[in-house]
Amino acid sequence: MAKNTSFIRWAGGKAWFVPAVQDMIQSIQFNNYIEPFMGGASIFFSLDLPNGAYLSDINGELVNTFIQIRDNLGLVTEKLKTYKTDKDSYYEIRKQEPTNLVEQAARFLYLNFYSFNGIYRVNSKGKFNVPYGRRIGEFNYNRLEGIRDKLQIAEIVERDFDACREYIHEGDLVFLDPPYAVSSKSSDNDMFIAYNPTLFSLEDQQRLADFIDYINEVHAYFILTNAHHPEIAKIFQGKGEMLEFDRTCNIGGKSAKRGKIQEYIFTNIPGVTRKEAE
């Protein structure tokens, strides 16, 4: 868990994008911070936020984990420390379906840490099914205490991104990282690879474009990361400055293809260019 990034491993996480965001926002002063696709919330944790923050996601387990760390960290870590880390124990814990919210959060953290590549994936029945990852070590519990302190300024809610409009006002900063996440180069028809149980479709992308129209209407700032694909460029054309970024893709096992991929970044922050954002 690197300093000033997320405390969990999350597919499509934006720790790599932290320096660019810090450069992009240095010319503005913003009020509240809103992140409607929370994920690992690397950008939130990297910023010094003097005002309030609003974090949300449609992943209920993820949202509950953030809330329990903020409100009940002692109970979460107490439970987490009772789990054994061998392979058999991992699969036994993976089968569990706790109803207690603290235990749910502890299980989520455990599975995220010890699962293969930290991928969050569920089957058609909504059951977590990522295999054991043979990871050595344990949580940095001191780091979790820092996370708890950081989350004290945040309201954390499970909801669709479009329901966040009421929290966005003039001068706020909205960071948008929808679960697209990467464009496929193997087939023009195979546009997106989704790492969450609900595919973020082209219709959802259009809803997101409408959401950005609202952000512009209320004179708030936004930064959007998205798939590098002609349809995305078309949908978000004219919504703000369009930038292109290269990054390294680290999702998959040893046999997976890894390398540089491109992503689009859109923003309405005045004066931001590709050179300034890199």
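This is a short tour of a predicted model, stop by stop.

**The whole chain**

Start with everything shown as a cartoon. The protein has nine helices and nine strands. Of its 278 residues, 50% count as buried. Now think about how the chain folds back on itself. Among contacts with a separation of 6 or more, 72% are between residues 24 or more positions apart. Switch on the surface. The accessible area comes to about 13700 Å², and 46% of that belongs to carbon and sulfur atoms.

**The largest core**

Select Phe17, Tyr33, Phe44, Phe66 and Ile223. These residues have the most contacts inside the largest nonpolar core, which has 60 residues. Add helix 5, residues 101–114. Helix 5 gives the most to this core, with nine residues. A second core, separate from it, has 27 residues. Tyr54, Phe161, Leu224 and Phe236 are among its members. In soluble globular proteins, nonpolar side chains tend to be buried together.

Now centre on phenylalanine 66. What does phenylalanine 66 touch, leaving out residues up to four places away in sequence? Its contacts are Phe7, Ile8, Met38, Gly39, Gly40, Ala41, Phe45, Leu55, Leu151 and Ile156.

**Alanine 41**

One of those contacts of phenylalanine 66 is Ala41, so select that next. Alanine 41 is in the loop between strand 1 (33–35) and helix 2 (42–46). Is alanine 41 buried or exposed? Its relative accessibility is 2%, under the 20% cut-off, so alanine 41 counts as buried. Check the backbone too. Phi of alanine 41 is positive, near 60°, and the residue is not a glycine. Most residues other than glycine have a negative phi.

**Strand 7 and its partner**

Move to strand 7, residues 221–227. Six of its seven residues are buried, so strand 7 is largely enclosed by the rest of the structure. Next, add strand 4, residues 173–176. The two strands run parallel, and four bridges join them. Which residue of strand 7 is the bridge partner of leucine 176? The partner is leucine 224. Leu224 also appears in the second core.

**Helix 7**

Select residues 202–217. Helix 7 has 16 residues. From first C-alpha to last, helix 7 reaches 23 Å, close to the 22 Å expected at 1.5 Å a residue. Colour its buried residues: Asp204, Gln205, Leu208, Ala209, Phe211, Ile212 and Ile215. They cover an arc of only 160° around the axis, which puts them on the same side of helix 7. What do the buried residues of helix 7 pack against? They pack against strand 4, strand 7 and helix 8 (230–235). Then turn the helix over. On the other side, Glu203 and Glu217 are exposed.

Follow the chain out of helix 7 to histidine 219. Histidine 219 sits in the loop between helix 7 and strand 7. Its phi is positive, about 65°, although the residue is not a glycine. Its relative accessible area is 55%, over the 50% cut-off, so histidine 219 is exposed. Alanine 41, also with a positive phi, is buried.

**Three further stops**

Go to isoleucine 153, in the loop between helix 6 (141–151) and strand 3 (154–158). Isoleucine 153 is partly exposed, at 33% relative accessibility. Beyond four places in sequence, isoleucine 153 touches Phe44, Leu49, Asn51, Gly52 and Ala53. Draw a C-alpha to C-alpha distance from isoleucine 153 to asparagine 51. The two are 102 residues apart in sequence and 7.4 Å apart in space.

Next, pick threonine 77 in helix 3, residues 60–80. Threonine 77 counts as buried, at 13% relative accessibility. Leaving out residues up to four places away in sequence, threonine 77 touches Tyr141 and Leu144.

Finish at glutamine 22, in helix 1 (residues 18–24). Is glutamine 22 buried or partly exposed? Its relative accessible area is 37%, so glutamine 22 is partly exposed. Beyond its neighbours within four places in sequence, glutamine 22 is in contact with Ser46 and Leu47. Last, draw the C-alpha to C-alpha distance to aspartate 48. Glutamine 22 and aspartate 48 are 26 residues apart in sequence and 10.0 Å apart in space.

Terms used. Residues are numbered from 1 along each chain as its sequence is written. This is a predicted model: local features need pLDDT of at least 70, side-chain atom pairs count only at pLDDT 80 or more; totals for chains, interfaces and linings use all residues. Side-chain values use heavy atoms; hydrogens and water are left out. Buried means under 20% relative accessible area, exposed over 50%, partly exposed in between (1.4 Å probe, protein chains only). Two strands pair if DSSP finds at least two bridges between them. The expected span of a helix is 1.5 Å times one less than its number of residues. The arc is that of the directions from the helix axis to the C-beta atoms. Contact means heavy atoms within 4.5 Å. A nonpolar core is a set of buried Ala, Val, Leu, Ile, Met, Phe, Trp, Tyr and Cys residues joined through side-chain atoms within 4.5 Å. Accessible areas come from the Shrake-Rupley method with a 1.4 Å probe; for residues, only the protein chains shown count as cover.
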